[in-house]
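Reader: I should like to understand how the terms used for a protein structure are justified. Could the reasoning be set out step by step?

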Amino acid sequence: MDARDVKQRAEALLGQMTLEEKAALTVGQDVWRTRPVERLGIPGVWFSDGPTGLRKARNPAAIGLGDSLPATCFPTESALAASWDTALVHEVAGAIAAEAQAHGVQVLLAPGVNLKRSPLAGRNFEYFSEDPVLSGELAVAYIRGLQDRGVGASIKHFVANEQETGRMYVDSVVDARTLREIYLRPFEIAVTRARPWTVMAAYNPLNGVPCTENRWLLHDVLKTEWGFEGIVVSDWLAVDDRIASLEAGLHLEMPAGTPPERVVEAVRDGRLAKERLDAIVRDLLRFILAADAARQPDTTIDPDAHHALARRAAAESIVLLRNEGSLLPLAPDRLANVALIGAFARAPRYQGAGSSQVVPTRVDTAWDALAEAGAGV
């Protein structure tokens, strides 16, 4: 189904939907899926966490932290950015997309392009860089890597969600020039060049207005200035006022939160124009139909090949700052003993916690790798 067919099909479906069905489409069915409209053959779309790898929950009604389906755990975005290698980032994202296709996931909640403005930010490992241009360029490669394989990207967290203290509610007060040149810049690069299927609106207010209700941000900048044609999805549980967020341009509230009946009531009592709801639903239908058409259910994956890619990406991400006395590389034939200091040699800390925590298919350790590489040492 090409873009023209998608638009025509979406318009035809919009004309057949009831007000109740339209309202239901704007709110998630559960934690990970959109609501299908079975009467009209409109399928649901499955979202899943990233960006370090696929974190598909076993149960769509549960967050599933620590209990997701096994997947390749790739180096974090913070590591990949140290490579400065857009081709490598594209390749890693393509491998993640293949795993998503194999598990029936249509959208990956990635990449993260917030900036490392504070060393205390708890999600710095999920973000590329402290530099907006580098972050934007790598995001372009990541998004294309996913979407070239038919899996949509959800670039996040839009915008100025760069600190940990009060991350879900603190007001980010930013002057116009700083906002444009620093915080919006990576999103602008990615949106205008890579065309992600979705953009995730952040928890925080921006200059006093919640990002999920910020019409200037979601409509004037994202849609009008940058020409964004996808949908805006909320960060999980980020919506306070569903009607205000619809007016602002937030298409989809995730997870299941506001009862759709409240949207119906708002249309009937005049607080939300029918035309505004139709514009939101039209975009949603185009997104859903395109995502469904991009499914590749017969995708097979090679876990060993993906693990080898992860290992190569980790190696490419290493930055040697100093090599005193030409110590490196170590010559195995000259070594008799190697000391490994610390418990992480056998039980490594290889990823961050929280929503991007992957259940890995395989983990290499320094202890095992050195044992394999240096027999007799």
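Author: The questions below concern a predicted model, and they move from its sheet to its helices and then to one residue.

Reader: What makes β1 and β7 the edge strands of their sheet?

Author: The sheet is open and has five strands in the order β1-β2-β3-β4-β7, paired in parallel. β1 (47-49) and β7 (231-234) each pair on one side only, and they are the edge strands. On average, neighbouring strands of this sheet are turned by 30 degrees against each other, direction ignored.

Reader: How do you know that β1 and β2 pair?

Author: Two strands pair if there are at least two bridges between them. Three bridges join β1 to β2 (residues 107-109), and these strands run parallel. Ser 48, for example, has Leu 108 as its bridge partner in β2.

Reader: What makes β4 and β7 a pair?

Author: The same cut-off of at least two bridges applies. β4 and β7 are joined in the parallel sense over four bridges. Within β7, Val 233 stands opposite Met 200.

Reader: How do you know that both faces of β7 are covered?

Author: In a regular strand the side chains alternate between the two faces of the sheet. In β7, Ile 231 and Val 233 lie on one side, Val 232 and Ser 234 lie on the other, and all are buried.

Reader: Which helix touches β1, β2, β4 and β7?

Author: Helix α11 packs on the sheet and touches these strands, and its direction makes about 95 degrees with that of β7.

Reader: Why are α1 and α11 called oblique to each other?

Author: Two packed helices are described by the angle between their axes and the distance between the axes. For α1 (residues 3-16) and α11, the angle is about 130 degrees and the axes are 9 Å apart. Angles of 65 to 115 degrees count as roughly perpendicular and those over 145 as roughly antiparallel. The angle of about 130 degrees fits neither description, and α1 and α11 are therefore oblique. The crossing of α1 and α11 is right-handed. Among the residues in contact are Val 6 and Leu 13 of α1, together with Val 281 and Leu 285 of α11.

Reader: Why are α4 and α12 called roughly antiparallel?

Author: The axes of α4 (residues 86-102) and α12 (residues 303-317) are 11 Å apart and make an angle of about 155 degrees. The cut-off for roughly antiparallel is over 145 degrees, and α4 and α12 are therefore described in this way. Their crossing is left-handed. The contact includes Leu 88 and Val 92 of α4 and Leu 309 and Ala 313 of α12.

Reader: Why is Asp 283 called buried?

Author: Asp 283 has its place in helix α11 (residues 274-293). Buried means under 20% relative accessible area. The value for Asp 283 is 13%, and this residue is therefore buried.

Reader: What makes the pair of Asp 283 and Lys 223 a polar contact?

Author: A polar contact requires a pair of N or O atoms within 3.5 Å, one able to donate a hydrogen and the other to accept it. The side chains of Asp 283 and Lys 223 make such a contact at 3.3 Å. Leaving aside residues up to four places away in sequence, Asp 283 touches Lys 223, Ile 231 and His 251. Ile 231 is one of the buried residues of β7.

Note on methods. Residues numbered from 1 in each chain as written. Predicted model: local features only at pLDDT ≥ 70, side-chain atom pairs only at ≥ 80, totals over all residues. Heavy atoms only, no water. Helix = DSSP H or I, 4+ residues; strand = E, 2+ residues; numbered from the N terminus. Buried < 20%, exposed > 50% of the residue type's maximum accessible area, 1.4 Å probe, protein only. Contact = heavy atoms within 4.5 Å. Axes fitted to C-alpha atoms, helices over the stretch in contact; angles between N-to-C directions. Parallel < 35°, antiparallel > 145°, perpendicular 65-115°, else oblique. Left-handed = near helix turned anticlockwise from the far one by under 90°.
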